[in-house]
Amino acid sequence: MALQRVLLAQALLALAHVARCNFVTSLHSNYVVNLDFESDNLRPEAEASAADADEGDMKVMAFAGGSRKFRCKLPSSRNRTRDTSRSEELAQSKAHFIAAKLATLRGSCWTYKQDFWSYDVCFGRKITQYRPDGDTRFSLGEHVADADELLPTGGVRELYMGGADNRTTELRYVCGSSEASSRTFKLSEERPLYYVIEISGPTFCLWREEDGNQARDASGRPLPASALLEELRGSCVNVTQGWWTYEYCYPRQLTQFHMNGNGKKRDPEHALGTMSGSTAPTEANAVEMTIVRLKPSISPRERRAPPSNHRTLRQRMGGGTVCDQTNRPRATSMHFQCPLNWQSRPETRIISISEGSLCEYDVMIHTTLLCGHEKFLPTMPKGKETIQCVAEPERA
């Protein structure tokens with residue numbers, strides 16, 4: 001059989017078992033596997049690959065249901081970084097993290113009012129000062145991307161320059177609440193024509209306490225990891241699958257219902273999990289959740305670990321409508337993940353619902369609100385890498 005160039009999900013699963021080795025930096029990388037079945041008549045390129053490989057780069061891997069074994073040259077850390085210096089990698093990593101922290105803000109504009117003035121803050125673009133009752137309008141600067149800075153506190157600093165009469169604005173993102181009534185959003189003119197805008201959010205915290213489950217704002221107040229989801233408070237996300245519609249309203253309840261013929265009444269309707277009647281806190285920045293690592297699985301009905309193995313935030317809710325089959329209240333585990341395509345700023349949405357056992361549910365929600373926390377952020381893509389494999393001789 002000729003040399004085959006294939007992309008194998010099985011190869012990625014095999015790589016997961018040796019992920020502790022230095023040749024794997026991310027399962028989010030794309031691996032092209034070259035399988036050469038003609039071990040008795042090696043092609044020149046395969047022979048050269050085997051000769052050049054360090055012993056630490058070679059692994060014996062089984063394919064075709066384990067019936068054939070191959071000696072595979074795996075990408076080494078030395079080969080991966082040959083064309084990229086450590087300083088370049090660090091700069092790329094910082095830019096990647098800054099983009100993740102600002103993912104929920106990019107493309108949006110906020111308005112701030114102070115005295116007779118209004119200010120439009122268009123994140124990553126421009127800032128404008130104007131009088132709502134007149135034609136007076138000043139540019140306070142346009143975003144200078146090269147000046148973006150990731151601060152030791154976990155915050156981010158942006159500069160908007162070249163405004164009217166050389167006005168400049170510094171945008172400081174600081175650790176704090178993102179809940180509407182307690183979020184910081186203020187502006188000051190620190191010196192003539194130099195403005196400072198401060199905006200708070202949990203994505204700009206250092207999540208160093210309790211294995212990433214807790215941070216502290218500038219005043220020392222603790223924030224749980226669930227604080228990252230506070231912008232969902234007061235809103236609901238829903239999805240329709242066949243006859244049923246599922247609706248999650250943060251942080252209180254997951255509901256399953258069917259809209260009857262006129263579309264005005266939910267009938268039937270079941271609570272699949274609720275915080276009502278529970279002693280667990282539901283106040284802003286106090287919801288109890290845990291950071292977990294999902295296990296890979298084969299069945300598409302099971303919740304799966306993401307390809308880059310980043311963490312998931314889990315909320316457990318019981319106390320749902322009593323199940324006819326078990327005579328117990330329905331219960332749900334909500335799983336929140338930063339999506340792999342977070343850079344395209346997708347909306348928060350329910351992507352899967354499964355019933356692991358009778359009237360016990362698992363729900364996966366993708367949201368960019370988590371992406372600014374390093375444990376939830378998918379590993380930065382490394383591009384395409386090649387794994388060269390040569391079949392070992394078959395036993396007679």
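Begin by selecting D115: in this predicted model, D115 takes a positive phi near 55 degrees, within the hairpin of strand 5 and strand 6, which has two residues between the strands.

Extend the selection to both arms of that hairpin. Strand 5 covers residues 109-114 and strand 6 covers residues 117-122, and the two pair in the antiparallel sense over six bridges. To check the register, display W110, whose bridge partner in strand 6 is V121.

Next, step back along the chain to helix 4, residues 86-101. Place a distance between its end C-alpha atoms: they are 22 Å apart, and because 16 residues at 1.5 Å a residue should span 22 Å, the two values agree. Now colour the buried residues of helix 4, namely H96, F97, I98, A100 and K101. With these shown, add strand 9 (149-150) and strand 10 (156-161), against which the buried residues of helix 4 pack.

The tour then moves to an open sheet. Select strands 16, 17, 18 and 19; these four strands form the sheet in the order 16-17-18-19, with antiparallel pairing. Strand 16 (236-241) and strand 19 (266-274) stand at the edges, each with a single partner strand, so one side of each is left without a neighbour in the sheet. Neighbouring strands of this sheet are turned by 20 degrees against each other on average, direction ignored.

Within the sheet, focus on strand 17 (residues 244-249) and strand 18 (residues 253-259), which pair in the antiparallel sense over five bridges. Display Y248 here; its bridge partner in strand 18 is L254.

Keep Y248 on screen, as Y248 also belongs to the largest nonpolar core. Of the 41 residues in this core, those that touch the most other members are L229, Y248, L313, M334, F336, I365 and L370. The elements giving two or more residues to the core are helix 4, strand 17, strand 21 (312-317), strand 22 (331-337), strand 23 (349-357) and strand 24 (360-366). Strand 24 supplies the largest share, three residues.

Centre the view on F336 and show its surroundings. Leaving aside residues up to four places away in sequence, F336 touches L229, Y248, M289, T312, L313, Q315, I365 and L370.

For the final stop, select L140, Y160, Y173 and F204. These residues are among the members of a second, separate core of 18 residues. Of these, Y160 lies in strand 10 (156-161), one of the strands against which the buried residues of helix 4 pack.

Methods: Residues numbered from 1 in each chain as written. Predicted model: local features only at pLDDT ≥ 70, side-chain atom pairs only at ≥ 80, totals over all residues. Heavy atoms only, no water. Pairing = 2+ DSSP bridges. Axes fitted to C-alpha atoms, helices over the stretch in contact; angles between N-to-C directions. Expected span 1.5 Å × (residues − 1). Buried < 20%, exposed > 50% of the residue type's maximum accessible area, 1.4 Å probe, protein only. Contact = heavy atoms within 4.5 Å. Core = buried A, V, L, I, M, F, W, Y, C linked by side-chain atoms within 4.5 Å.
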